[in-house]
Amino acid sequence: MKYLVVGTGGVGGSIAGFLALAGKEVACIARGKHLEAIRRNGLHLKSDLKGEHYLPVKACTAEEFSGKADVIFVCVKGYSIDSIKEVLERASTPDTLVIPILNVYGTGPRIGRLVPSVTVLDGCIYIVGFVSGEGEITQMGTIFRMVFGARPEQGVSPARLEGIAEELRSCGIKVDVSDDINRDTFIKWAFISAMACTGAYHDVPMGEVQHEGEVRNTFIGLSTESAEIGRRSGVVFPEDPVAYNLKVIDKLDPHSTASMQKDIARGHESEIQGLLFDMIELGERLGVDMPTYHKVAQKFSK
């Protein structure tokens with residue numbers, strides 16, 4: 001099976017690194033000095049789960065890629081989706097499956113509308129991964145869990161999805177094939193929104209969320225409000241969503257931060273629209289009281 005990873009940041013680089021380490025055929029789309037370093041030295045993976053490796057992976061720009069892939073992981077930021085249309089169309093065959101792994105809710109259908117000739121599933125990931133140097137990816141902690149699935153109307157064979165999942169599991173990635181991908185991507189969106197907004201608002205790593213106090217209360221408030229949005233949107237949670245968010249946050253490396261928080265701190269473009277303002281907009285449309293989200297939003301006006 002041939003894999004293409006579009007966006008070789010912390011998430012995409014970790015996926016590509018684990019695939020390459022297991023001997024799978026994987027190519028990466030990257031750019032700038034990050035790309036140059038990968039071409040020169042290989043992908044430098046520093047992983048709490050796999051150790052440190054220099055991996056000879058094929059890397060190129062989106063414009064340069066000319067091959068075909070069986071599975072394409074889309075790991076760009078939400079604000080970059082429109083820029084990947086051409087490479088998705090060029091790299092796909094009628095049998096290719098595209099799996100978006102983004103923080104922002106609704107990206108599978110959004111990319112599907114962008115490339116209607118391609119089968120675009122939906123997915124999400126739980127991982128702490130980041131670019132720690134040119135050509136260098138750090139995967140931190142013991143959580144590396146991917147969830148993906150097809151929407152009912154897509155008619156994709158469950159056996160086909162399970163086959164991909166088994167390959168990924170053989171690479172050391174925990175994978176769940178979802179029976180309700182809308183539910184599971186909402187759950188991830190709600191978690192990462194609470195995590196990123198709490199970290200950015202208080203300017204702290206996740207260790208500060210892991211014990212009682214004002215910071216944890218902000219995280220709980222955001223989680224409570226997004227849970228109500230989910231319920232009013234028709235999401236049926238398999239367990240209490242606030243307790244679930246706390247369980248996940250308490251397992252993270254205490255030094256970890258969300259990519260949105262890192263980007264804001266560096267003055268870079270961030271996913272704050274999708275993780276903060278889009279959540280508020282949906283909540284207001286559904287009539288949800290959102291005092292904690294509005295408190296955070298006051299610090300980060302558009």
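Why does C75 form no bond with the closest cysteine sulfur, in C28? In this predicted model, the sulfur of C75 lies 9.3 Å from that of C28, so the two are too far apart for a bond. A disulfide is a covalent bond between the sulfur atoms of two cysteines. To count as one here, the two sulfur atoms must be within 2.5 Å. C197 is a similar case: the closest cysteine sulfur is in C124, and at 17 Å it is too far for a bond. By this rule the structure has zero disulfides. Both cysteines can also be described by their surroundings. C75 counts as buried, because its relative accessibility is 13% and the limit for buried is under 20%. C197 is buried too, with a relative accessible area of 1%.

The next feature to find is a sheet. It is open and has six strands, which pair in parallel in the order 5-2-1-6-7-8. Strand 5 (58-60) and strand 8 (119-120) are the edge strands, each pairing on one side only. Inside the sheet, strand 6 (residues 71-74) runs parallel to strand 7 (residues 97-100), and four bridges join this pair. In this pairing, V74 stands opposite P100 of strand 7. Helix 5, made of residues 158-170, packs on the sheet. Helix 5 touches strand 1 (2-6), strand 6 and strand 7, and its direction makes about 60° with that of strand 7.

Further along the chain, the UniProt record, an unreviewed entry, places the feature "domain: Ketopantoate reductase C-terminal" at residues 180-298. That span is 67% helix and 0% strand, and its end C-alpha atoms are 34 Å apart.

Now consider the interior. In soluble globular proteins, nonpolar side chains tend to be buried together. The largest nonpolar core in this model has 48 residues, and the members that touch the most others are F191, M195, F219, I249, L276 and Y293. Several elements each supply at least two residues of this core, including strand 9 (122-133), strand 10 (136-149), helix 7 (214-232) and helix 10 (272-285). Helix 6 gives the largest share, twelve residues.

What is I249 in contact with, leaving aside its neighbours within four places in sequence? The list is F191, M195, M206, V209, Q210, R216 and F219. Another core lies apart from the largest one; it has 39 residues, among them I101, F144, A150 and I164.

Terms used. Residues numbered from 1 in each chain as written. Predicted model: local features only at pLDDT ≥ 70, side-chain atom pairs only at ≥ 80, totals over all residues. Heavy atoms only, no water. Buried < 20%, exposed > 50% of the residue type's maximum accessible area, 1.4 Å probe, protein only. UniProt positions renumbered as here; feature names shortened; annotations may be inferred. Pairing = 2+ DSSP bridges. Contact = heavy atoms within 4.5 Å. Axes fitted to C-alpha atoms, helices over the stretch in contact; angles between N-to-C directions. Core = buried A, V, L, I, M, F, W, Y, C linked by side-chain atoms within 4.5 Å.
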